[in-house]
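Good morning, and thank you for joining this session. I would like to take you through one structure, moving from its charged pairs to its interior.

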Amino acid sequence: MPGRNVILVGFMGAGKSVCGRMLARRLGRCFVEIDDMIVASEGCSIPEIFRRHGETRFRQLEAEAVEALALKSDDVVATGGGLPCRDGMMEALRVLGLVIWLRGDLQDLLARARRQGARPMLDGRSEDEIVALFRGREPYYRQAHLTVDTSGRTVDQVVAELVAVVRAEHARV
Ligand code: S3P
């Protein structure tokens with residue numbers, strides 16, 4: 001039986017952090033952000049890790065963070081947008097808890113991610129390359145247990161649906 005964490009996945013700008021934090025508060029649970037775990041352990045920012053050590057090292061740190069998650073239960077976890085998109089990662093997440101894909105329209109997601117900045121995976125990529133990145137990731141996100149649509153909805157509406165689906169799911173098992 002999967003662990004009882006709730007794990008949010010989705011592309012950059014999907015609202016995993018903001019919705020995850022609110023969801024955790026509403027459910028009375030702890031909130032964990034994988035990017036923050038990495039920043040704390042490495043002592044430098046995500047863009048800095050990419051600059052100094054490259055994407056491969058960052059992905060390795062993500063995998064280590066997922067291993068560390070095995071110690072947690074009942075938390076709400078926000079993952080980085082690329083974390084589930086390598087072989088074996090979605091399976092690992094699905095064992096750790098209920099995985100929910102926050103799906104959104106690419107242009108909305110990009111506008112939000114660019115507004116916030118500090119997204120090394122967007123730097124220097126053309127629009128076509130970003131579309132290809134997004135399309136290449138969708139098959140991984142699709143392996144989530146559940147999908148919640150964020151397009152055209154406020155954070156409050158998304159969080160309300162998340163609360164409802166998590167409660168329904170946990171009432172079922
Ligand atoms: C990444 C997404 C980022 C962060 C890193 C790489 C990606 O997290 O993990 O910059 O590969 O999509 P967000 O999804 O929170 O932006």
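**Charged pairs and the core**

Lys-72 is partly exposed, its relative accessible area being 31%. Please keep in mind throughout that the model is a predicted one. The partner of Lys-72 in a salt bridge is Asp-75, with 4.0 Å between the closest N and O atoms. Asp-75, for its part, counts as buried, at 9% relative accessibility. As general background, side chains of opposite charge can pair when their charged atoms come close.

How many salt bridges does the count come to? The count is 13, and I shall discuss two further examples.

The first example is in helix α3. Glu-48 forms a salt bridge with Arg-52, and the closest N and O atoms are 3.1 Å apart. These two residues are separated by about one helical turn, because they stand 4 residues apart in helix α3. Arg-52 has a relative accessibility of 54% and therefore counts as exposed. The pair also belongs to a network of salt bridges that links Glu-48, Arg-51 and Arg-52.

The second example is in helix α6, which spans residues 127-141. Here the side chains of Arg-135 and Glu-138 meet in a salt bridge, at 3.6 Å from N to O. The two residues are 3 apart, about one turn of the helix. Is each partner buried, partly exposed or exposed? Arg-135 is partly exposed, with a relative accessible area of 48%, whereas Glu-138 is buried, with 16%.

Let us now turn to the interior. The largest nonpolar core contains 53 residues, and the members that touch the most others are Val-9, Phe-11 and Leu-162. Helix α3, residues 46-69, gives the most to this core, contributing 8 residues. Leaving aside residues up to four places away in sequence, Leu-162 touches Leu-8, Cys-19, Leu-23, Ile-100, Leu-102 and Val-148.

I should like to finish with Thr-79. Where is Thr-79 found? The residue lies in the loop between β3 (76-78) and α4 (89-96). At 3% relative accessibility, Thr-79 counts as buried. What does the side chain of Thr-79 reach? At 2.7 Å, that side chain reaches the backbone oxygen of Leu-8. Not counting residues up to four places away in sequence, Thr-79 touches Ile-7, Leu-8, Val-9, Lys-16, Ile-34 and Leu-93. Leu-8 is thus touched by Thr-79 and also by Leu-162.

Terms used
Residues numbered from 1 in each chain as written. Predicted model: local features only at pLDDT ≥ 70, side-chain atom pairs only at ≥ 80, totals over all residues. Heavy atoms only, no water. Buried < 20%, exposed > 50% of the residue type's maximum accessible area, 1.4 Å probe, protein only. Polar contact = N/O pair within 3.5 Å; in protein donor to acceptor, adjacent residues only side chain to side chain. Contact = heavy atoms within 4.5 Å. Core = buried A, V, L, I, M, F, W, Y, C linked by side-chain atoms within 4.5 Å.
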